[in-house]
Amino acid sequence: MDTENIKIQIKTFFGLEEILAEEIKKLGGTNVEVKNRAVNCEGDLGFLYKINYSARTALKILVPIDEFKAYNETKYYDRLFKFEWDEFMDVNQTFAIDSTVNSERFSHSQFMTFKMKDAIVDYFQNKYGKRPSIETKS
C-alpha cells in the first residue's frame with residue numbers, strides 16, 4: 001500500500017456530510033468529495049492516524065484494498081476469489097464481513113455478504129487445503 005497517497009472513505013450520519021468534509025479539510029485531507037453519508041478523501045499515513053483520533057463526526061474510516069466492477073454475482077464471486085487474501089489475513093484467523101449494498105444490480109446485502117464469505121473461504125481452501133473460521137460476535 002502506498003502510504004503517501006491513501007484513498008479513504010469516512011462514513012457519517014445523513015446530514016453531517018458537509019460538516020465532516022470541513023473537518024477533514026482542516027485536518028489536512030486532500031481531494032475531499034462529499035457523498036451520501038460519507039466523505040471520500042486522500043492523505044498520507046499520518047493523516048489516516050490523525051482522522052482516526054480527531055474526526056468528531058466520523059462513524060467509520062475505511063481504506064479500500066481493491067476496487068472493481070461486477071455486473072452479476074458470478075463476476076463478483078470470481079473477482080473476490082482471485083484476490084490474494086493471504087496478504088491481509090492468515091488462514092488460521094477468524095473474520096467477519098460488515099457490508100452495505102447500494103446498487104440497482106445487487107439489492108440484498110446478506111446475499112452479497114455470503115458470496116464474499118464463500119469466495120474468501122474458497123480461496124484459502126483452494127490454496128492451503130483449509131479454511132479460516134467466521135466469527136460474527138467478536
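The crossing of helices H1 and H2 is right-handed. This is a predicted model, and that helix pair is a good place to enter it. H1 covers residues 17–27, and H2 covers residues 45–54. Their axes lie 10 Å apart, at an angle of about 130°. Angles over 145 degrees would count as roughly antiparallel, and 65 to 115 as roughly perpendicular. The pair is therefore oblique.

Which residues make the contact? From H1 come Glu23, Ile24 and Leu27. From H2 come Phe47, Lys50, Ile51 and Ser54. By class, the residues of this contact are 4 nonpolar, 1 polar and 2 charged.

Now turn to the sheet. It is open and has 4 strands, in the order S2-S3-S1-S4. The pairing is antiparallel. S2 (30–35) and S4 are the edge strands, and each of them pairs on one side only. From one strand to the next, the twist averages 20°.

Both helices meet this sheet. H2 packs on it and touches S1, S3 and S4. The direction of H2 makes about 10° with that of S1. H1 lies across S1, S2 and S3. Relative to S2, H1 runs at about 170°.

S1, residues 6–11, deserves a closer look. In the sheet order, S1 stands between S3 and S4. On the S3 side, the pairing is antiparallel and runs over 6 bridges. S3 itself spans residues 38–43. Two positions show how the strands line up. Isoleucine 8 stands opposite cysteine 41 in S3. Glutamine 9 has asparagine 40 as its bridge partner, also in S3.

On the other side is S4, residues 60–62. Here 3 bridges join S4 to S1, and the two strands run antiparallel. Isoleucine 10 in S1 has isoleucine 61 in S4 as its bridge partner.

How do the side chains of S1 divide between covered and uncovered faces? The covered face holds Ile6, Ile8 and Ile10. The uncovered face holds Lys7, Gln9 and Lys11. The general rule is simple: in a regular strand, side chains alternate between the two faces of the sheet.

Put the bridge partners and the faces together. Ile8 belongs to the covered face, and its opposite number in S3 is cysteine 41. Gln9 belongs to the uncovered face, and its partner in S3 is asparagine 40. Ile10 is again on the covered face, and it bridges to isoleucine 61 in S4.

Conventions:
Residues are numbered from 1 along each chain as its sequence is written. This is a predicted model: local features need pLDDT of at least 70, side-chain atom pairs count only at pLDDT 80 or more; totals for chains, interfaces and linings use all residues. Side-chain values use heavy atoms; hydrogens and water are left out. Axes are lines fitted to C-alpha atoms, for helices over the stretch in contact, and angles run from 0 to 180 degrees between N-to-C directions. Angles under 35 degrees count as roughly parallel, over 145 as roughly antiparallel, 65 to 115 as roughly perpendicular and the rest as oblique. A crossing is left-handed if the near helix is turned anticlockwise from the far one by less than a right angle, and right-handed if clockwise. Contact means heavy atoms within 4.5 Å. Ala, Val, Leu, Ile, Met, Phe, Trp, Tyr, Cys and Pro count as nonpolar, Asp, Glu, Lys and Arg as charged, and the others, Gly among them, as polar. Buried means under 20% relative accessible area, exposed over 50%, partly exposed in between (1.4 Å probe, protein chains only). Two strands pair if DSSP finds at least two bridges between them.
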